[in-house]
Amino acid sequence: MMGEWIIEPATVESLPDILHIEEACFSAPWTRKMLEAELSGNPFAHFLLAKLVPPSDVGSISIVGYLCFWVVFEEVRLMNLAVIESMRHKGIAKALVLQALEAGLTQAAMCAVLEVRASNHAAHALYRSLGFRDVTTRPMYYTNPIEDALLMELDPIVSESGPLRTHEVDREGGRIRPLQ
Ligand SMILES: CC(C)(COP(=O)(O)OP(=O)(O)OC[C@H]1O[C@@H](n2cnc3c(N)ncnc32)[C@H](O)[C@@H]1OP(=O)(O)O)[C@@H](O)C(=O)NCCC(=O)NCCS
């Protein structure tokens, strides 16, 4: 049986795991140097990890996804999000984004923005399912391959449809779990 997963803030020690996921999931991955700068040199940046917890108490915990986001005054900026292929379609990315939005709210952020490759239908559908809407296109924003970006926005973060209510947050532990 596959163990459950939890979401926790990252530490600098998580860098090799994040780099591994980054390189496995993107055609133009962030480098170690870029990740290091975000993890330890950017006061706006936050990292969340999705960790697989094996059923038994013995055994190792592995990192299966991550999200980097910035909280810049009233705005949450989703910077990079990835889940390893074998763990997709389980709600992990959704939970990571929801936890980032919760974290933004606790820091008085009111809206959230992101850019996504125009051809990335999975990510686009994910963000749409969370209430984000398309704002504009940024031509030739990405390299390797060159591609347009869609700018998406969630404003305000808390919507009437209540995407934040689809998960429960254990505020003490800083973890989020899908509602049963
Ligand atoms: C995009 C990505 C992060 C989604 O991760 P995930 O954990 O599989 O996503 P979730 O299981 O949380 O999906 C939540 C919702 O997103 C949408 N979605 C996710 N993957 C999808 C796909 N392949 N096709 C269509 N919709 C998809 C669905 O609406 C889904 O809800 P549902 O399962 O109730 O239908 C993952 O595919 C990935 O890491 N891709 C490579 C890196 C990347 O593109 N990152 C995003 C950069 S902006």
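**Close-up 1. Composition of the shell around the ligand in the predicted model.** The residues that form the shell around the ligand fall into eleven nonpolar, five polar and three charged ones. Of the 19 residues around the ligand, those that come nearest are R88, A93, A122, A125 and L126. At least two residues of the shell are supplied by each of β4 (75-83), α3 (92-106) and α4 (121-129), and α4 gives the most, with six residues.

**Close-up 2. The open sheet and its edges.** Seven strands, in the order β1-β2-β3-β4-β5-β7-β6, make up an open sheet whose pairing is mixed. The edge strands are β1 (4-9) and β6, each of which pairs on one side only. Averaged over the sheet and with direction ignored, neighbouring strands are turned by 25° against each other. Between β6 and β7 the pairing is antiparallel and extends over six bridges, and R133 has E153 in β7 as its bridge partner.

**Close-up 3. Helices on the sheet.** Helix α1, which comprises residues 15-25, packs on the sheet and touches β3 and β4, and its direction makes about 90° with that of β3. Helix α4, which also gives six residues to the shell around the ligand, lies across β5 (111-117) and β7 and runs at about 165° to β5.

**Close-up 4. Two cis peptide bonds, each leading into a proline.** Most peptide bonds are trans. The bond that joins N144 and P145, however, is cis, with an omega of about -5°, and P145 lies in the loop between β6 (133-142) and β7 (147-154). The peptide bond from D155 to P156 is likewise cis, with omega near 5°, and P156 has its place in the loop between β7 and β8 (167-170).

**Close-up 5. Positive phi at F73 and M140.** Most residues other than glycine have a negative phi. F73, although it is not a glycine, has a positive phi of about 55°, and this residue is placed in the loop between β3 (62-72) and β4. F73 is exposed, with 9 other C-beta atoms within 10 Å. M140, which is not a glycine either, has a positive phi of about 50°, but this residue is found in strand β6, one of the edge strands of the sheet. M140 counts as exposed because it has 9 C-beta neighbours inside 10 Å, where the limit for an exposed residue is 12 or fewer.

Technical notes
Residues numbered from 1 in each chain as written. Predicted model: local features only at pLDDT ≥ 70, side-chain atom pairs only at ≥ 80, totals over all residues. Near = placed C-beta within 6 Å. Helix = DSSP H or I, 4+ residues; strand = E, 2+ residues; numbered from the N terminus. Nonpolar A, V, L, I, M, F, W, Y, C, P; charged D, E, K, R; others polar. Buried ≥ 20, exposed ≤ 12 C-beta atoms within 10 Å, placed from the backbone. Pairing = 2+ DSSP bridges. Axes fitted to C-alpha atoms, helices over the stretch in contact; angles between N-to-C directions. Contact = placed C-beta atoms within 7 Å.
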